[in-house]
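Me: I have a structure to look at. Can you take me through it in short steps?

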Amino acid sequence: MPLLPSVVAAVLIALVASPAAAQPSQFTMRCESRNYGYSFCASDGRVVSANLLRQRSSAPCILGRTWGWQGNGIWVSDGCEAEFAVQSNLPNRPPPSNAGHVVCESHEYRYNFCAVGRVRSAQLVEQRSRAPCIQGRTWGWTRDGIWVDQGCEGVFRLR
């Protein structure tokens with residue numbers, strides 16, 4: 001019987017010692033519906049929950065109607081543009097480097113905005129789609145992300 005308290009103590013120590021790796025991370029991301037269309041903004045991990053932090057559009061952002069989350073990102077539609085607090089299953093990580101690479105894809109030939117933080121310039125380094133990726137026509141960048149449209153899927157180098 002003295003073995004049982006030792007096992008219980010070891011299990012409790014293991015549970016208390018390692019919760020940091022299992023804690024969800026929280027970060028802010030911006031997502032916008034351009035021309036009142038549907039947009040999906042991908043996150044780095046599986047989204048556990050999301051909350052509207054600040055609406056940036058005059059069109060309403062209503063959970064379940066004009067915005068929501070699924071799988072690995074936030075979706076918006078009908079003109080909703082906002083900043084969201086996202087809980088992901090990834091552990092806390094350093095912010096992404098602006099000099100890194102980002103994958104952004106147009107699902108079902110629809111416009112998609114990939115919010116990535118501050119962008120000074122972007123360059124297509126690998127086209128992954130059969131649909132053409134033409135800067136200014138089927139892809140481009142803004143100060144806070146990459147946009148793609150008409151089936152373009154690519155890897156982009158950010159600065």
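Me: Which residues is E81 in contact with, leaving aside its neighbours within four places in sequence?
Reply: This is a predicted model, where local features need pLDDT of at least 70, side-chain atom pairs count only at pLDDT 80 or more, and totals for chains, interfaces and linings use all residues. Residues are numbered from 1 along each chain as its sequence is written, and side-chain values use heavy atoms, without hydrogens and water. Contact means heavy atoms within 4.5 Å. By that rule, the partners of E81 are R30, C31, E32, Q55, R56, S57 and C61.

Me: Is E81 buried or exposed?
Reply: E81 lies in strand β6; strands are DSSP runs of E, at least two residues, numbered from the N terminus. Buried means under 20% relative accessible area, exposed over 50%, partly exposed in between (1.4 Å probe, protein chains only). E81 has 15%, so the answer is buried.

Me: Which residues of the largest nonpolar core touch the most other members?
Reply: A nonpolar core is a set of buried Ala, Val, Leu, Ile, Met, Phe, Trp, Tyr and Cys residues joined through side-chain atoms within 4.5 Å. This one has 14 residues. Those touching the most other members are M29, C31, W67, I74, V76, F84 and V86.

Me: Which strands are the edge strands of the open sheet β7-β12-β9?
Reply: Two strands pair if DSSP finds at least two bridges between them. The three strands of this sheet pair in the antiparallel sense. An edge strand pairs on one side only, which here fits β7 (101-105) and β9 (122-127).

Terms used:
Helix = DSSP H or I, 4+ residues; strand = E, 2+ residues; numbered from the N terminus.
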